Amino acid sequence: AVAIDVTTAKWSRCRIANLAAYDTFLVVASKQVAAGIDAIVSRTYTPGGAVGATVQLSTGATNQTAPDVGGDPSGATPTYFAVVWEEEAGLGDRDIRCVQVQVTGAPRSSPITVTTAITDDHSPRISRTNGRGGSSLQDWLLARTADNALFLRHMAANALRGGPPLGRIRDFTVDRRTGRLDLKRDGSRPFVDAGRIYALALGV
């Protein structure tokens, strides 16, 4: 196991990706930097145990959450990580930010805003191309889950906890905080969970 953070700081929503050409991983997370304020941070590590410095990727002074990261399976260089996250720009206005990150962990450029309209954009996702280096996290996971019936059963039980967003009398249940129906979370989740479980069982 590799210790990515051993401080008292709160890291949450951690995500990981790999650059196959360098066999290097990048861990991104939402880190609490002040009361009610999170920033997006990252840290590289290699299978050999080398861990890079913690780098703050977000530059805004408002709350930055829900990070995701994509790698690159290509063996050619140079390749870069791509990191996206959610920025609270104002009341009812959340934007999506993006930045490329070099294998050293340093941002390749300043973050850009993917969406700028005054809309509530949230939960960004990026390609799950996490690379297939010599010590690929995906290979490690598949080797340990394909024949693990107990693990797959627990995944199925967890998936079944998230029922459809249906109320009792011809209505939908909505998010208590926003009052909206989240189709990404509540509508597509059963299909995504089923696909994930079958993929792990088949070693895909």
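**Exercise 1.** In this predicted model, work out which residues make up the largest nonpolar core.

*Solution.* Start with the roll call: Ala17, Leu19, Leu26, Val28, Ile40, Leu57, Val69, Phe81, Val83, Trp85, Val99 and Val101, 12 residues in all. Next, sort them by strand: β1 (11-19), β2 (24-34), β6 (81-90) and β7 (93-101) each put in at least two residues. The largest share, 3 residues, is down to β6. Last, don't mix this core up with another one lying apart from it, which has 7 residues, including Phe25, Val27, Ala29 and Tyr45.

**Exercise 2.** Pick Val83 and find what it is in contact with, skipping neighbours within four places in sequence.

*Solution.* Go through the contacts in sequence order: Leu26, Val28, Ile40, Leu57, Asp68, Val69, Arg97, Cys98, Val99 and Val101. Then check for core membership: Val83 belongs to the largest nonpolar core, and so do Leu26 and Val99, for instance.

**Exercise 3.** Lay out the open sheet of 4 strands and say which strands stand at its edges.

*Solution.* The order reads β5-β6-β7-β8, with antiparallel pairing. β5 (64-70) and β8 (112-113) each have a single partner strand, so they are the edges, with one side of each left without a neighbour in the sheet. Now zoom in on β6 and β7: their antiparallel pairing runs over 9 bridges. In β7, Cys98 is the bridge partner of Val84.

**Exercise 4.** Are Cys14 and Cys98 buried or exposed, and how many disulfides does the structure have?

*Solution.* Cys98 has 18% relative accessibility, so it counts as buried, the limit being under 20%. Cys14, at 42%, counts as partly exposed. As for disulfides, searching the whole structure turns up 0.

Methods
Residues are numbered from 1 along each chain as its sequence is written. This is a predicted model: local features need pLDDT of at least 70, side-chain atom pairs count only at pLDDT 80 or more; totals for chains, interfaces and linings use all residues. Side-chain values use heavy atoms; hydrogens and water are left out. A disulfide is a pair of cysteine sulfur atoms within 2.5 Å. Buried means under 20% relative accessible area, exposed over 50%, partly exposed in between (1.4 Å probe, protein chains only). A nonpolar core is a set of buried Ala, Val, Leu, Ile, Met, Phe, Trp, Tyr and Cys residues joined through side-chain atoms within 4.5 Å. Contact means heavy atoms within 4.5 Å. Two strands pair if DSSP finds at least two bridges between them.
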